[in-house]
Amino acid sequence: MVDFRYHLVSLISVFLALAVGVVLGAGPLQAPIASGLTNQVDELRASQARTSVEIEALRTDVAQRNQWIEETTGQVLPGTLDGKKIALIATEETQPEDLEAVGNLVAVAGGSVNQRVVLTPAWSSEAMSQFRNSLAGPVATHLEGELPAEAPASDVLSQAVLEILTKTTDDTQLLREILTDADNALLTMEADQVTSDAIIFVGPRPAEEAAEEDPAATEPTEPVEETNTEVDPAMLISLAAAVAKAPASGVVVGDASAEDSLIALVRAEGVGVTSVDSVGTSMAHASTVISLLSADATPRAFGAAPSASAVVPPLPTKASPAPAPTEVNEGE
């Protein structure tokens with residue numbers, strides 16, 4: 001049995017250890033400890049200063065690159081899309097500033113955005129696949145374009161979007177009403193029927209980047225009922241393929257950083273359409289409009305992602321002025 005003397009010795013040992021620690025810390029070890037802490041603080045301050053300088057240099061570099069892109073597009077784009085009408089397709093997650101930037105460059109090129117379509121979650125949600133399959137049958141009977149008899153719902157509905165944007169007939173008006181029906185709308189768009197020459201599909205940015213742009217989206221909210229948010233990739237892939245069938249072709253711009261992102265899906269399937277990655281950057285916006293000038297139904301990939309075949313698309317070339325006629329003297 002442990003007696004009182006054992007506890008007393010233990011307490012004395014603890015106090016002696018504390019006393020030795022205080023004496024050493026206030027005496028012989030005080031200078032080395034203080035010096036070490038001071039050195040660490042100085043190193044941290046120097047590192048922070050270097051990081052601040054590097055960040056500022058990167059910001060300056062990005063600003064200069066954006067200015068270069070703006071001035072370059074201002075020189076090469078004017079007149080290249082004169083009179084062309086462009087339709088913009090977006091998802092609900094697409095950033096408004098990306099749509100605005102692309103639209104502004106279309107205007108610089110002499111074209112105009114005359115239609116804006118927004119895909120609702122029902123367009124690609126796995127939970128709505130049965131509804132889309134049931135809708136594809138009636139929609140197919142109003143299409144002018146030829147599709148295989150066993151064409152999947154993704155191809156049928158994407159063809160419908162293409163015809164809605166590029167034709168004005170009684171059938172396209174009916175298709176518009178079907179796909180924008182308020183009960184289960186697959187897309188939203190202007191009510192008036194107009195036709196577009198080309199289509200640009202602008203996808204969302206990476207989820208993390210979008211959250212940084214809109215911090216409110218990540219703030220805690222009241223609990224909501226969980227729903228199936230899985231996406232059917234076929235709906236995005238088929239729509240990308242349909243974009244290239246527009247009279248003056250089309251371009252898809254979006255993110256390629258994840259396997260299930262829009263551009264990654266399009267490129268993995270080898271879809272016959274021009275794709276541009278790194279949406280949200282000045283380079284991507286400029287490349288989107290420039291690549292539209294030479295786009296067709298062949299797979300082309302531009303951007304900074306490893307899956308891109310080139311960083312920028314071919315720049316437009318203006319025809320050289322005809323040489324002045326040479327005067328010939330009658331005596332010669």
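How do the residues of the lining of the second largest pocket divide into nonpolar, polar and charged, and what is the count of each? In this predicted model, that lining comprises nine nonpolar residues, six polar residues and one charged residue. The second largest pocket encloses about 370 Å³ of space, and 16 residues line it, with Arg-65, Trp-68, Ile-69, Met-283 and Val-312 lying nearest its centre. Two elements, α2 (30-76) and α10 (282-292), give two or more residues each to the lining of the second largest pocket, and α2 accounts for the largest share, with seven residues. As for α10, this helix is mostly covered, nine of its eleven residues being buried; the buried set consists of Ala-284, His-285, Ala-286, Ser-287, Thr-288, Val-289, Ile-290, Ser-291 and Leu-292.

The largest pocket has a volume of about 780 Å³. Its lining is made up of 30 residues, among which Thr-91, Glu-93, Pro-204, Val-231 and Leu-236 are the closest to the centre of the pocket. Three helices, α7 (207-213), α8 (233-243) and α9 (262-268), each supply at least two residues of this lining. By residue class, the lining of the largest pocket divides into 14 nonpolar, ten polar and six charged residues.

With regard to the overall fold, the protein chain contains ten helices and seven strands. Of its 332 residues, 35% count as buried, and among contacts between residues at least 6 apart in sequence, 72% join residues that are at least 24 apart. An open sheet of seven strands follows the order β3-β2-β1-β4-β5-β6-β7, and the pairing within this sheet is mixed. The edge strands, each of which pairs on one side only, are β3 (187-188) and β7 (300-302).

Two of the strand pairs were examined further. Strand β1 (residues 85-91) is mostly covered, since six of its seven residues are buried, and β1 is joined to β2 by seven bridges, the two strands running parallel. Within that pair, Leu-88 stands opposite Arg-116 of β2. Strand β6 (residues 274-276) likewise runs parallel to its partner β7, to which three bridges join it, and here Thr-274 stands opposite Arg-300 of β7. In general, the side chains of a regular strand alternate between the two faces of the sheet.

Several residues in the loops were also considered. Thr-120 is placed in the loop between β2 (112-119) and α4 (129-140), and this residue counts as buried because its relative accessible area is 11%, under the 20% limit. The side chain of Thr-120 reaches the backbone oxygen of Ala-185 at 2.6 Å. When residues up to four places away in sequence are not counted, Thr-120 touches Glu-92, Ala-185, Leu-186, Leu-187 and Thr-188.

Thr-141, by contrast in its exposure, has a relative accessibility of 61% and therefore counts as exposed, the threshold being over 50%. Thr-141 is located in the loop between α4 and α5 (153-166), where a polar atom of its side chain lies 2.6 Å from the backbone oxygen of Pro-138. The C-alpha atoms of Thr-141 and Asp-171 are 9.3 Å apart in space, although the two residues are separated by 30 residues in sequence.

Two serines carry a backbone angle that was noted separately. Ser-249, although it is not a glycine, has a positive phi of about 70 degrees; Ser-249 is found in the loop between α8 and β5 (250-253), and because its relative accessibility is 4%, Ser-249 counts as buried. Ser-278, which is not a glycine either, has a positive phi of about 65 degrees and is found in the loop between β6 and α10. With a relative accessible area of 23%, Ser-278 is partly exposed, because this value falls between the limits of 20% and 50%.

Notes
Residues are numbered from 1 along each chain as its sequence is written. This is a predicted model: local features need pLDDT of at least 70, side-chain atom pairs count only at pLDDT 80 or more; totals for chains, interfaces and linings use all residues. Side-chain values use heavy atoms; hydrogens and water are left out. On a 1 Å grid over the protein atoms alone, a cavity is a set of points where a 1.4 Å probe fits but cannot get out, and a pocket is an open set with protein on both sides within 12 Å along at least five of seven lines; lining residues have an atom within 4 Å of a point. Grid points are joined across faces, edges and corners, and a volume is the space filled by probe spheres set on the points. Helices (H or I, at least four residues) and strands (E, at least two) are DSSP runs, numbered from the N terminus. Ala, Val, Leu, Ile, Met, Phe, Trp, Tyr, Cys and Pro count as nonpolar, Asp, Glu, Lys and Arg as charged, and the others, Gly among them, as polar. Buried means under 20% relative accessible area, exposed over 50%, partly exposed in between (1.4 Å probe, protein chains only). A polar contact is a pair of N or O atoms within 3.5 Å; within protein, one must be able to donate a hydrogen and the other to accept it, and residues adjacent in sequence count only if both atoms are side-chain atoms. Contact means heavy atoms within 4.5 Å. Two strands pair if DSSP finds at least two bridges between them.
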